[in-house]
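Me: I am new to this structure and would like a close look at one part of it, the place where a pair of helices pack together. Could you take me through that part carefully and then go on to what else stands out?

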Amino acid sequence: MIYKRSSALFAAAQKVLPGGVNSPVRAFNAVGGNPIFVERAEGPYLYDEDGNRFIDYINSWGPMILGHAHAPVVNAVKERAEKGTSFGTPTALETEIATLAVSMVPNIDKIRFVNSGTEACMSAVRLARGYTQKDKIIKFAGCYHGHSDSFLIQAGSGAVTFGTPNSPGVTKGTAKDTLLATYNDIDSVQKLFDENDDEIACIILEPVAGNMGCIPPSAGFLEQLRELCDNHKALLVFDEVMTGFRLAKGGAQELYGVNADIVTFGKVIGGGLPVGAFAARNEIMDHLAPEGPVYQAGTLSGNPLAMAAGLAMLKELENDEVYASLKKKTAYLHEGIEEKLKAAKVTHTINRVESMISVHFSETPVTDFESAASGNNETFKKFFHGMLNEGIYLAPSAFETWFLTDALSYEDLDETIAACERVAKTL
Ligand code: KE4
């Protein structure tokens, strides 16, 4: 693969953008080398500035569940743009997408749109604190809920990649209200309630973790969290920025049959445009301004272009047959990669939930942050670059998840598995 133009573009970018990027994980710091600069994308493929084609398994970190430049979404944005791009007034479009989203997701009555997953999670925690009149929150080591101060306490995703679990700039005052538990370890959560009983406003978690690789909840874990929250009058917040509209039409709540009190969204809900959202039953959402006292606002929240993209995407997902197709394709990929790595005697473990999957070069099962961090990162880097040179674009960090798109054909999957066979021999 030639990366001449991407390298020149990266050098230029670094002069005017911190690290040459607008989001740290894109800089390839976790895997070394320079990032590719994408010129365009279509279906399951990325085309970089050097004319290389890649089969994409990141899909913009989740949104492109139906493939890049998906016609219904592109056309909706084109048509909408001609009517103006932002008014700062209510629009019928916002009611239309809100009504559809509420009909697709269990246990929510109202939804508030914002501009990112970070904003959704930050606002959800403020709402939980305002509703319960309590200050502390419980999060899990390795889970990432965006870059709001309360979450950058041993966060997953980019923050872990940079090895600075407690980001500078987060005050001690903020950090003291964030309590850390271990994913899939209910005793670690019980202990925090015992030590802080009536001070905990909520537990926030990724119901399927995607920021330490893909880590499913162990059997009964979500149900036990639900029970702890009920017993201690705390709210259960499902951060479904990754899992929402991806694991199922109704996300993880539908897949696992466990109801959260507040659910956050991002990625798929915006069809690739900047959209986040948080939702809950009326009794909680009616605490939000202007109805109630918990303040939250945004100039571009509910922006017509983003709403048009999101509405077109959700309409495509209403027919939830796509999820069965995605599940089959991801299982096919899992089996193929497993077979090739085993044949090459490469120590590894693969985690998969529906169309989220991650490969860990670890001897032990990956069930939490510590076991995710125990993987062999040198092997991961070689695997990543080997696959990149084969035209397969994987997440450039061992702490990320692959997100499949239904635009993938079985020929694309076979090409990926064949590439894995060649790369496995080099590990
Ligand atoms: P954004 O603010 O990046 O839209 O969403 C934050 C967020 C919240 N919750 C979960 C579960 C998330 O995965 C994310 C963001 N995900 C990362 C990928 N691990 C986005 C990629 C990036 O940071 O560039």
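Reply: The crossing of α2 and α11 is right-handed, a term used when the near helix is turned clockwise from the far one by less than a right angle. This is a predicted model, in which local features need pLDDT of at least 70 and side-chain atom pairs count only at pLDDT 80 or more, while totals for chains, interfaces and linings use all residues. Residues are numbered from 1 along each chain as its sequence is written, and side-chain values use heavy atoms, with hydrogens and water left out.

Helix α2 spans residues 71–81 and helix α11 residues 304–318, and their axes lie 8 Å apart at an angle of about 150°; helices here are DSSP runs of H or I with at least four residues, and strands are runs of E with at least two. The two helices are therefore roughly antiparallel to each other, the word for angles over 145 degrees, on a scale from 0 to 180 degrees between N-to-C directions. On the α2 side, the contact (heavy atoms within 4.5 Å) is made by Pro72, Val73, Ala76, Val77, Arg80 and Ala81, and these meet Pro304, Leu305, Ala308, Ala309, Ala312, Met313 and Glu316 of α11. Sorted by class, this contact holds eleven nonpolar residues, no polar ones and two charged ones, where Asp, Glu, Lys and Arg count as charged.

In the loop between α10 (282–285) and α11 sits proline 290, and the peptide bond leading to proline 290 from alanine 289 is cis, with omega near 5°. Most peptide bonds are trans.

A second helix pair can be set beside this one. Helix α14 (residues 377–389) and helix α15 (residues 410–424) have axes that come within 9 Å and cross at roughly 130°, and this crossing, too, is right-handed. Here Lys382, Phe383, Gly386 and Met387 of α14 meet Thr416, Ala419, Cys420 and Val423 of α15, a contact with five nonpolar, two polar and one charged residues.

Charged side chains also pair elsewhere, since the structure holds 19 salt bridges, each being a side-chain nitrogen of Lys or Arg within 4 Å of a carboxyl oxygen of Asp or Glu. One of them joins aspartate 406 to lysine 329, at 3.1 Å from N to O. Aspartate 406 lies in the loop between β14 (402–403) and α15, whereas lysine 329 belongs to helix α12 (residues 321–343), so this pair ties together parts that are 77 residues apart in sequence. Aspartate 406 is partly exposed at 22% relative accessibility, while lysine 329 is buried at 8%; buried means under 20%, exposed over 50% and partly exposed in between, with a 1.4 Å probe and protein chains only. Other salt bridges share partners and join Arg226, Asp230, Asp261, Arg281 and Glu283 into one network. Within this network, aspartate 230 and arginine 226 meet at 2.7 Å, N to O, and, being four residues apart in helix α8 (residues 221–232), they are separated by about one helical turn. Arginine 226 is buried at 15% relative accessibility, whereas aspartate 230 is partly exposed at 45%.

Note on methods. Angles under 35 degrees count as roughly parallel, over 145 as roughly antiparallel, 65 to 115 as roughly perpendicular and the rest as oblique.
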